[in-house]
Amino acid sequence: MNASPTSGPEALDIVIFGAAGDLSFRKLLPALYMAFQHGSLPPQTRIVCVGRQAWRDAEYHAFVSEKSMPFIAEEARCAEDWQRFLGVLHFVSLDASDASRYGALKAVCERSCLRVFYLATAPSLFTAICAHLHGAGLIDARARVVLEKPLGTDLASAQAIHEAVGQYLREDQIYRIDHYLGKETVQNLMVLRFGNAIFEPLWRAPYIKSVQITVAETVGVGSRAGFYDGAGALRDMVQNHLLQLLCIVAMEPPVSLNADDVRDEKLKVLRSLRPMDLAAIKRDTVRGQYTEGVAEGKSVLGYKAEDGVPPDSQTETFVALKAHIDNARWAHVPFFLRTGKRMQKRESQIIIEFADQPFSIFGRNPSQQPNRLIIRLQPEESIHLSLMVKEPGSGMMLHPVQLGLDLQSSSTKRRAEAYERLLLDVIKGRLTHFMRRDELETAWRWVEPILRGWQELDDKPRSYPAGSWGPAASSALMAREDLSWFEEA
Ligand code: BG6
């Protein structure tokens, strides 16, 4: 490539390790293209893509053009913009674990500018990459490093990564990404809670009876069995995405939107999660694994028959659990978390179920339902509040209706994808929507005993047919509290 000689306060080099990988061509490059197209990247930006392949720029460009285009919205595809984008995209062939090869990268990144290193590789490479970048003199006081999940497989491995990476970078140079924190609706949750006075007085026990957080996917394990079978749904989704959602729902109002003020409050929630002992694990968690079935109208294989999955795999593709936050705001309010692959619908939502009427002047009414606030994160972004109203006609019969707000149509502004928003945050040095080390480790501290407990109890995943809402035990978990999942209510 021809290294541009330009430098200056506006100059930026984004260096992506793992540039030929899934995440890069599905998410990172489309996100950077969108930011480029909208003029959100500094004028002298270069994107340096690092991979093992012996490619030149032109070969990498051909690869990205084929692989990334399907992940760019049709209305944003523009041949001219794409060619201009390819003009800032350079490829460096490098084995990331080989220190002696970093000279090639150094030669490309010689100008003095802001450098963002995006580590979209296996976490086992994080330490080596940081050490070799440091050895090559590429990490200066301004440099920023983005670490993709999974950050470890348990507390010890997460700590080891943090210790190692911490030798070369200050905490405020490390951006631990959880792309759920970049979703418009997830950020909007903070506004819903802290930008509207009406919710705060009710946002606590005893006015809230229960909270449900569901992230249901229709996709199966796809081509990721190599990673997924060693991880499972608890590590892949609950330890990060679902616990982050829980934090935003449950945290106290932060002093400000500054990164540490927000992260301090999330940390307090994680520290207040009631640890689960074996009895609680047995009673309050459900592991599931999908078997063959019909997903989105097509017959699909069971998990064990998927490519690369051992036929005797005991990995969970579904988790449901009941958690408690032991603090004054949430005493006795159960938080139900649920996530799974090959579920009936792609649906991520948070349901806040308010307490029952203490006394009803309308007598026993079969249609009576508790008020619920339904915050739908995806596929559509909406907020609904269910209320009881009078059934037209004589008598005082009640029936539930929903007051709805479609967030997509509430503004004509473009809604950027999570990765685009988060990448721009990194460039601007905004850490609010990234996880701090103590947050991540505290999440592991809560999750790890569950993983160990499942092993000790020899808790095998219960099967559920692809295209369903998970094993029957998941409904039973709710029924024990006289509650039900939203779709069953
Ligand atoms: C990733 C998980 O972090 O999130 C995947 O590793 C999962 O298994 C994905 O499919 C879900 O993200 P989204 O944005 O599609 O809900």
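Okay, let's start with Arg 372, which sits in strand E14. Keep in mind throughout that this is a predicted model. So, is that arginine buried or exposed? Its relative accessibility is 8%, and the cut-off for buried is under 20%, so Arg 372 counts as buried. What does its side chain do in there? There is a polar contact of 3.4 Å between the side chains of Arg 372 and Gln 369. If you skip the neighbours within four places in sequence, Arg 372 also touches a run of residues, Ile 351, Ile 352, Glu 353 and Phe 354. On top of those come His 384, Leu 385 and Ser 386, plus Phe 486 and Ala 489.

Hold on to Ile 352 from that list, as it takes us to the strands. Ile 352 is in strand E13, and it stands opposite Val 211. Val 211 brings us to strand E7, residues 208-216. Eight of the nine residues of E7 are buried, so the rest of the structure largely encloses this strand. Which strands pair with E7? One is E13, residues 347-354, which runs antiparallel to E7 and is joined to it by eight bridges. The other one I want to show is E12, residues 334-340, running parallel to E7, with six bridges. Val 211 has a partner there too, namely Phe 335 in E12. A little further on, Ile 213 stands opposite Leu 337 in E12.

Let's stay with E12 for a minute. How many of its residues are buried? Seven of seven, so this strand is mostly covered. In general, side chains in a regular strand alternate between the two faces of the sheet. Here, Pro 334, Phe 336, Arg 338 and Gly 340 point one way, while Phe 335, Leu 337 and Thr 339 point the other way, and all of them are buried. Notice that there's an arginine in that set, Arg 338. E12 also pairs with strand E11, residues 318-324, in the antiparallel sense over seven bridges. Leu 337 turns up again here, as the bridge partner of Leu 321.

Now the ligand. Which residues surround it? Reading along the chain, we have Lys 149, His 179, Tyr 180, Lys 183, Glu 217, Arg 224, Asp 236, Met 237, His 241, Lys 341, Arg 346 and Gln 378. By class, that shell divides into two nonpolar, three polar and seven charged residues. Helix H9, residues 233-250, gives the most to the shell, with three residues.

For the docking-minded, here are some distances from polar side-chain atoms to ligand oxygens. For Lys 149 the distance is 2.7 Å, for Glu 217 it is 2.5 Å, and for Tyr 180 it is 2.4 Å. And how much of the ligand gets covered? Taken alone the ligand exposes 400 Å², and the protein buries 82% of that.

Next, some backbone oddities. As a rule, most residues other than glycine have a negative phi, and most peptide bonds are trans. Where does this model depart from that? Let's take the cis bonds. Ala 205 and Pro 206 are joined by a cis peptide bond, with omega about 0 degrees. Pro 206 is in the loop between helix H7 (184-194) and our strand E7. There's also a cis bond from Gln 378 to Pro 379, omega near 5 degrees. Gln 378 is one of the residues around the ligand, and Pro 379 is in the loop between E14 (372-378) and E15 (382-390).

Then phi. Glu 296 has a positive phi of about 50 degrees, although it isn't a glycine. You'll find Glu 296 in the loop between strands E9 (293-295) and E10 (298-300), and it is exposed, with a relative accessible area of 63%. Asp 458 also has a positive phi, near 50 degrees. Asp 458 lies in the loop between helix H13 (437-456) and strand E17 (462-465), and at 52% relative accessible area it is exposed as well.

One last stop is helix H5, residues 126-135. Which of its residues are buried? Those are Phe 126, Ile 129, Cys 130, His 132 and Leu 133. They pack against strands E1, E4 and E5 and helices H4 and H6. Just after H5, Gly 137 takes a positive phi of about 75 degrees.

Note on methods. Residues are numbered from 1 along each chain as its sequence is written. This is a predicted model: local features need pLDDT of at least 70, side-chain atom pairs count only at pLDDT 80 or more; totals for chains, interfaces and linings use all residues. Side-chain values use heavy atoms; hydrogens and water are left out. Buried means under 20% relative accessible area, exposed over 50%, partly exposed in between (1.4 Å probe, protein chains only). Helices (H or I, at least four residues) and strands (E, at least two) are DSSP runs, numbered from the N terminus. Two strands pair if DSSP finds at least two bridges between them. A polar contact is a pair of N or O atoms within 3.5 Å; within protein, one must be able to donate a hydrogen and the other to accept it, and residues adjacent in sequence count only if both atoms are side-chain atoms. Contact means heavy atoms within 4.5 Å. A residue is near a molecule or strand if one of its heavy atoms lies within 4 Å of it. Accessible areas come from the Shrake-Rupley method with a 1.4 Å probe; for residues, only the protein chains shown count as cover. Ala, Val, Leu, Ile, Met, Phe, Trp, Tyr, Cys and Pro count as nonpolar, Asp, Glu, Lys and Arg as charged, and the others, Gly among them, as polar.
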